[in-house]
Amino acid sequence: MYSKFGRIGYARKVFDDIPERNEASWNTMMSSYVRVGLYSDSVRFFCEIVGCGVRPSGFVIASLVTACDKAGSMFCEGLQVHGFVVKSGLLCDVFVGTSVLHFYGTYGVVLNARKIFEEMPEKNVVTWTSLIVGYSSCGELGEVMSIYKHMRREGVCCNDNTLAIVFSTCGALGDELLGEQVLGHVVKLGLQSSVSVANSLISMYGSFGNVGEACYVFNHMDERDTISWNSIISANVQNGLCEESLWFFHRMRHVNKEVNSITVSTLLGVCGSTDNLKWGSGIHGLAVKLGMESNVCVGNTLLSMYSESGRSEDAELVFERMTEKDIISWNSMLACYVQNEESQNALKHFAEMLQMRKPINYVTLTGALSACSNLEFLVEGEILHAIAVIAGLKDNLIVGNALVTLYGKLSKTHEAAKVLQTMPKRDQVSWNSLIGSYAENKEPDEVITAFKLMRKEGTPANYITIINVLGAFLIPSDLLAHGMPIHALIVSTGFESEKYVQSSLITMYAKCSDLNSSNSIFSGLTVKNSIAWNAIIAANANHGLEEALKLVLMMGRAGVDFDPFSLSVALSVSADLAMLVEGQQLHGLVVKLGFDTDHYITNAAMDMYGKCGEMEDVLKILPSPTIRSRLSWNILISSFAKHGCFEKARESFHEMVSLGVKPDHVTFVSLLSACSHGGLVDDGLAYYNAMITEFGVPPAIEHCVCVIDLLGRSGRLSDAENFIKDMPVPPNDLVWRSLLAACKTHRNLELGRKAADHLLELDPADDSAYVLFSNVCASTGRWEEVENVRRQMGARSIIKKPACSWVKLKSEVSKFGMGEKSHPKTEQIYAKLEELMKMIREAGYVPDTSYSLQDTDEEQKEQNLWNHSERIALAFGLISTPEGSPVKIFKNLRVCGDCHSVYKHASAVVGRKIILRDPYRFHHFTDGKCSCSDYW
């Protein structure tokens with residue numbers, strides 16, 4: 001009696017006063033300790049029983065094992081009790097055996113649970129259900145269904161608990177047919193009118209996304225309990241139906257059904273989005289009013305809600321205020337840090353769990369492993385792998401899959417394969433993770449090998465497998481060797497009708513330079529959904545085609561709704577082709593459709609304005625610093641760098657770091673580029689070192705190219721050469737091309753020859769190697785060598801990429817080549833050029849004929865300079881735009897030094913701003929000055 005009211009002290013006093021204790025006395029006292037949650041005391045009481053020479057009954061042992069089970073942190077004590085059970089021969093007691101089995105299932109050691117199950121001479125429905133619960137808790141849903149089928153074959157009659165778990169498993173597997181078969185079994189057993197069975201049916205239909213069926217079951221129930229209301233609310237929550245969930249909650253309160261912690265927790269589950277957070281805050285307030293804030297289940301869902309909405313500080317506050325925390329609380333906080341990309345905090349949190357001897361399970365480990373997906377956390381990932389082994393979780397399927405994924409993301413594909421090979425059991429996720437890892441690391445042959453092994457093992461492929469396989473093929477040779485045979489397999493296995501596979505085929509052919517096949521596959525689709533449209537738009541965009549924008553218009557005309565992806569791709573095309581008017585129209589459409597708050601679209605629009613020369617518009621739509629993502633910071637720094645605002649680029653970097661946003665690979669490429677173009681050599685080298693030592697970003701080839709460019713521009717050619725020798729990554733064509741360009745600027749023939757030789761080793765048909773080396777020779781007056789290089793180009797049929805410049809006025813593009821005279825306004829253009837030449841000469845312009853790389857007299861050299869495409873484009877821009885308005889010109893190659901001087905003088909004499917974009921940056925000319933400060 002006393003223990004039922006939680007008065008364990010009184011209960012113990014009564015027990016101690018009993019002169020002669022029988023088995024019932026000991027059993028009752030043990031169950032009292034377990035009932036009130038004094039699990040450690042129950043262990044001490046057991047020691048007392050043994051110390052008195054009393055042989056513990058099966059009931060006492062079962063109660064003690066339950067204590068170790070419920071404690072969540074008494075695994076070692078449970079192992080000792082198991083040893084005692086074996087020694088005492090009590091495992092044959094069905095209640096004892098079932099409790100030990102359940103204990104191992106709770107701690108995720110299902111192999112031990114299975115072993116005990118198989119050793120038990122007698123089993124009842126609770127034994128079978130406990131095994132099912134163990135596998136369900138470990139996420140091994142296939143095993144749950146196997147045991148259920150085995151149970152039926154053995155003729156064991158299921159109870160309500162068994163069926164509830166089985167229905168839940170059918171929902172988690174998404175297998176509606178299997179669920180209907182189980183329902184048939186329920187009807188056969190005559191359990192369809194059971195409230196608990198109806199409740200689990202509602203939950204299952206909710207998992208299938210079939211809310212209509214869930215509502216049908218709910219509406220036809222003769223009797224409903226609180227669980228029924230919670231189940232229908234949950235069905236709506238699972239399908240993101242926030243308002244419907246709140247409506248059922250309102251009805252529930254209206255019929256005076258008790259609102260419990262599960263009701264509140266379920267409702268909080270649909271409030272994690274930014275749009276629904278206002279409802280979540282209201283429900284949080286209701287939880288406080290109802291005195292549920294201290295409830296661990298409510299606390300856990302509050303953690304999840306704030307985590308999903310990116311409010312990690314609010315989640316931390318909830319976590320700190322929780323008076324009671326279970327393993328789910330700790331795991332939820334860990335998941336919050338991981339979700340918000342706070343890997344350092346996630347790993348500190350995990351370390352704290354270990355220091356406080358908190359229990360960990362497969363969910364804890366998979367969360368911690370997810371925090372290590374960046375190369376800087378490789379060591380921590382390996383330590384977690386060791387912990388998984390020590391904790392007995394290495395054989396857990398989900399942990400194994402997480403390890404395969406981790407090593408794949410860290411480019412350790414060999415280790416990923418080793419983990420998969422040692423896993424006692426593998427599923428689709430295991431193989432998909434490995435194949436995806438090989439694909440991400442551009443290892444197409446390994447992808448095919450793994451795919452063949454997967455099929456040989458009998459694991460069926462799904463659409464994710466096929467998508468991963470197709471994603472590995474990037475070059476034409478991959479298409480012939482692997483891509484087309486896989487396409488044939490897709491057709492023969494029926495995957496061709498799968499929408500994601502269709503889009504992946506479109507993408508694969510485009511990446512392998514067969515855009516015609518991509519367009520053909522798209523044209524042949526009977527149903528063109530948004531996924532297919534996005535794939536074909538991206539395919540054309542990757543080939544730099546204006547066709548991508550036409551496809552966006554066609555998508556709209558076809559009545560297919562635009563989504564953030566299609567609009568982001570279209571904005572990216574506008575950015576790459578510098579099509580400002582089209583980009584502005586797309587941005588207007590974005591605002592009209594209500595996508596202007598979308599993080600990815602905002603970044604795409606910022607990038608578009610930056611690449612189209614509209615820095616003011618970049619700043620107008622830039623998110624405020626406190627909510628600015630790393631991608632937004634990167635685009636801002638990159639835009640400042642391209643527009644010659646080097647100090648602003650550096651200031652933005654330091655502001656980003658001060659706000660706790662960790663810079664990544666891309667951040668440092670933009671920052672080092674800014675230093676290179678701004679002549680900030682010492683600063684650039686300091687940033688490169690800080691990138692490695694302070695921020696843990698491994699140097700990639702892009703960073704190394706920036707450093708070589710930085711040193712080369714400043715004339716430190718020997719330092720650049722030494723840097724190449726000590727580079728942590730092998731030099732590629734960009735490295736040698738950058739060094740060769742610096743040799744031309746600083747007229748270093750010998751080093752230029754070395755750089756050119758290395759370039760031609762990598763690609764004998766690289767026209768830039770010949771052209772740049774020819775320019776080095778010309779700049780040093782070695783005209784015989786210039787002719788020799790040109791002869792080599794002719795003999796090898798290598799054609800120099802022609803320089804061209806263009807001006808875009810509304811939707812019309814006017815393109816000009818060297819000495820262009822085919823334009824309809826040629827006469828007016830050259831008249832303007834003559835006028836401009838006189839004006840800037842009077843303003844002090846003196847031609848620098850060293851930029852005319854032909855062996856002719858000075859007069860001819862000067863004439864050749866005036867034939868440069870950017871000058872012709874400038875004259876056209878001046879006569880084709882209103883007086884006083886900015887003139888914007890684009891060039892496909894780097895602007896020459898004398899043209900740069902012409903532009904500076906022209907901006908002063910005509911009193912207009914001139915913007916020139918070359919492949920590397922923008923030059924803003926105003927009042928005779930350039931934003932690059934003549935260092936480019």
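**View 1. K442, a non-glycine residue with a positive phi.** K442 is exposed, with a relative accessible area of 57%. This is a predicted model, and in it K442 has a phi of about 55°, positive although the residue is not a glycine. Look for K442 in the loop between α26 (428-440) and α27 (444-457).

**View 2. S411, another loop residue with a positive phi.** Here the phi is near 65°, again in a residue other than glycine. S411 sits in the loop between α24 (397-409) and α25 (413-422). Is S411 buried or exposed? Neither label quite fits: with a relative accessible area of 47%, S411 is partly exposed, because the exposed class starts over 50%.

**View 3. Helix α23 and what comes right after it.** Helix α23 covers residues 378-390, and its 13 residues should span 18 Å at 1.5 Å a residue. The end C-alpha atoms are 19 Å apart, which agrees with that expectation. On the buried side of the ledger, α23 has L378, G381, L384, I387 and A388. Those buried residues pack against α21 (343-355), α22 (362-370) and α24. Just after the helix, G392 takes a positive phi of about 75°.

**View 4. The buried face of helix α43.** In α43 (residues 717-725), the side chains to pick out belong to L717, A720, F723 and I724, which are buried. Why do they count as lining one face of the helix? Seen down the axis of α43, its buried residues fall within an arc of 115°, so they line one face. What do they pack against? The partners are α41 (681-693), α42 (701-713), α44 (733-745) and α45 (749-762).

**View 5. A stacked ring pair, F75 and F103.** The aromatic pairs in this model come to 22. In this one, the ring centres of F75 and F103 are 5.7 Å apart and the planes meet at 15°, so the pair is stacked. F75 belongs to helix α5 (residues 75-88) and F103 to helix α6 (residues 94-106), so the pair ties together parts that are 28 residues apart in sequence. The two rings' residues differ in burial class: F75 is partly exposed at a relative accessible area of 26%, whereas F103 counts as buried at 1%. Zoom out a little and ring pairs link F75, F103, Y104 and Y107 into a cluster.

**View 6. An edge-to-face ring pair, F653 and F695.** This aromatic pair is edge-to-face, with 6.0 Å centre to centre and 75° between the planes. F653 is in helix α39 (residues 646-658) and F695 is in the loop between α41 and α42. With these positions 42 residues apart in sequence, the pair links distant parts of the chain. F653 counts as buried at 2% relative accessibility, and F695 counts as buried at 12%.

**View 7. Charges over rings.** Which residue has its charged end over the ring of F218? That is R224, and its charged end sits 4.4 Å from the ring centre. For the ring of Y830, the residue to find is K821, with its charged end over the ring and 5.5 Å from the centre.

**View 8. The β1-β2 hairpin.** Strand β1 (residues 804-809) and strand β2 (residues 812-817) run antiparallel and are joined by six bridges. To get the register, start from S805: its bridge partner in β2 is F816. The two strands form a hairpin with two residues between them, and K810 in the turn has a positive phi of about 55°.

**View 9. Strand β5 with β4 and β6.** How many of the five residues of β5 (residues 922-926) are buried? Four are, so the strand is largely enclosed by the rest of the structure. Four bridges join β5 to strand β4 (residues 914-917), with the two running antiparallel. I915 stands opposite H924 in this pairing, and the β4-β5 hairpin has four residues between its strands. β5 also pairs with strand β6 (residues 929-930), in the antiparallel sense and over two bridges. There, T926 has K929 as its bridge partner in β6. The hairpin of β5 and β6 has two residues between the strands, and D927 in this hairpin takes a positive phi near 50°.

Key: Residues are numbered from 1 along each chain as its sequence is written. This is a predicted model: local features need pLDDT of at least 70, side-chain atom pairs count only at pLDDT 80 or more; totals for chains, interfaces and linings use all residues. Side-chain values use heavy atoms; hydrogens and water are left out. Buried means under 20% relative accessible area, exposed over 50%, partly exposed in between (1.4 Å probe, protein chains only). The arc is that of the directions from the helix axis to the C-beta atoms. Contact means heavy atoms within 4.5 Å. Rings of Phe, Tyr and Trp (its six-membered ring) pair if their centres lie within 6.5 Å; planes under 30 degrees apart count as stacked, over 60 as edge-to-face and the rest as tilted. A charge sits over a ring if NZ of Lys or CZ of Arg is within 6 Å of the ring centre and within 35 degrees of the ring normal. Two strands pair if DSSP finds at least two bridges between them. The expected span of a helix is 1.5 Å times one less than its number of residues.
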